[in-house]
Amino acid sequence: MRAADRPDLRVVRARVVALAERCGQDPAHVLAVERLSRLSGVEPARVPRILDGTADELPLCERVHRRFLRLRATRRDKHGREWSLAAIAEDFDAPGASLGPLNAGTGLPRLGHAAGVQRFFGVYAGFLLADSKSAVERALATAGSGPGGRPEGAADDLERLSYLTGITPQDIRLTLDGRPPRLPLKEQVRRRFEHLRHTRPREDGQAHSLSAIAGSFDASGQSLTRLTQGEGLPNLAAAAGIQRFYGVESGFLLADDTEALACALAGIERELESAERPAENPMLAVMRAHDVRSIVTRAGRLSPAGWKSLANHLDDLLAREGQWGHPAVPRPPGAADDIDRSAEGGTR
């Protein structure tokens, strides 16, 4: 969304306060600075100033560096330790040293590395790139959202969803059916970029030239040629510039199909301002949002050793996403004992 089109965060905050009060929740808890910081990646000290509209925007390199440090600080492993650079990079088949400049704030990661970091920590695809205002705006929306499904009929408007996500109508239908296509990142980014050029033309109906797009972030049109030919990925600064030029969300080029579609549906739901629904059992909401039956059916074929391995892997995933110890996600029996024994033995 272009900066000029974004709503006043103070107005958004007031709406979330009113919604929290109607739901019987404490607005101070729902909108706690630490919670908004964790959701947005913005340091706690900057959150109030961003809400008031008095904070200056940080340069891209500094912003990405700080967001990465917030991820490591707020989403630790199940033993409470920060994930090592090697463990993070290994998840997307890269050496830990490749994240050194990002960790030190001396350079930007490659686009594929940024996508891998965000996937590792389970955050949305634009987490590292989003400017501060849009990051806090998204955090406010997340903080104020309750359980519930997509709005009735929204999934049927495939052309609109295609416009919002950059996904073809056919692939949208597959994604809604739980069978999202798996494209290489390079091909996905190329398709999304071409989608932007064809669906958001100039006033005369012609696509914006590569020179005009690249010029908006002080680069040459030639720097985008390889992207249009499917021969390479743009660097992180170019990806941020493309998304800013077209006024789309900071993760538009990087989001996988499921996440892109979920974001579009959430936006439509907010636009519709549908009538409030009665509170739903949180466990039913989880089961409705995820294919729980399929997971349980497959897990039922595991050996006892397989169950233990699955439980350990789930612990790691919960820790990455900051859900370890969350009241809604109780620890499995014996988990605390396993941790204590590991700590005593000096191993994970």
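Reader: About 40 Å³ of space lies in the largest cavity; what makes it a cavity?

Author: The term is used because a 1.4 Å probe fits at its points, on a 1 Å grid over the protein atoms alone, but cannot get out. The volume is the space filled by probe spheres set on those points, which are joined across faces, edges and corners. The structure holds one cavity of 30 Å³ or more. Do keep in mind that this is a predicted model, in which local features need pLDDT of at least 70 and side-chain atom pairs pLDDT 80 or more, while totals for chains, interfaces and linings use all residues. Residues are numbered from 1 along each chain as its sequence is written, and side-chain values use heavy atoms, leaving out hydrogens and water.

Reader: Which residues line the largest cavity, and what makes a residue part of the lining?

Author: A lining residue has an atom within 4 Å of a cavity point. Gly-41, Val-42, Glu-43, Arg-46, Leu-58, Arg-63, Arg-66, Arg-67 and Ser-132 line this cavity. Helix α5 (residues 60-74) gives the largest share, three residues.

Reader: How does that lining divide by residue type?

Author: Into two nonpolar, two polar and five charged residues. Arg and Glu count as charged, Val and Leu as nonpolar, and Gly as polar.

Reader: Why is Arg-190 called buried, partly exposed or exposed?

Author: Arg-190 is called partly exposed because its relative accessible area is 23%, and that term covers values between buried (under 20%) and exposed (over 50%), with a 1.4 Å probe and protein chains only. Arg-190 sits in helix α12 (residues 185-199), a helix being a DSSP run of H or I at least four residues long.

Reader: What does Arg-190 touch beyond its sequence neighbours?

Author: Leaving aside residues up to four places away in sequence, Arg-190 touches Leu-227, Thr-228, Gln-229 and Gly-230, where contact means heavy atoms within 4.5 Å. Gly-232 is 42 residues from Arg-190 in sequence, with 8.7 Å between their C-alpha atoms.

Reader: What makes helix α8 mostly covered?

Author: Nine of the eleven residues of α8 (residues 111-121) are buried. Leu-111, His-113, Ala-114, Ala-115, Gly-116, Val-117, Gln-118, Phe-120 and Phe-121 make up that group. Just after the helix, Gly-122 takes a positive phi of about 70°.

Reader: And how many helices and strands does the whole protein chain have?

Author: The chain has 20 helices and zero strands, and 40% of its 348 residues count as buried. Among contacts between residues at least 6 apart in sequence, 67% join residues at least 24 apart.

How values were computed. Helix = DSSP H or I, 4+ residues; strand = E, 2+ residues; numbered from the N terminus. 1 Å grid on protein atoms, 1.4 Å probe; cavity = no way out; pocket = protein on both sides within 12 Å on 5 of 7 lines; lining within 4 Å.
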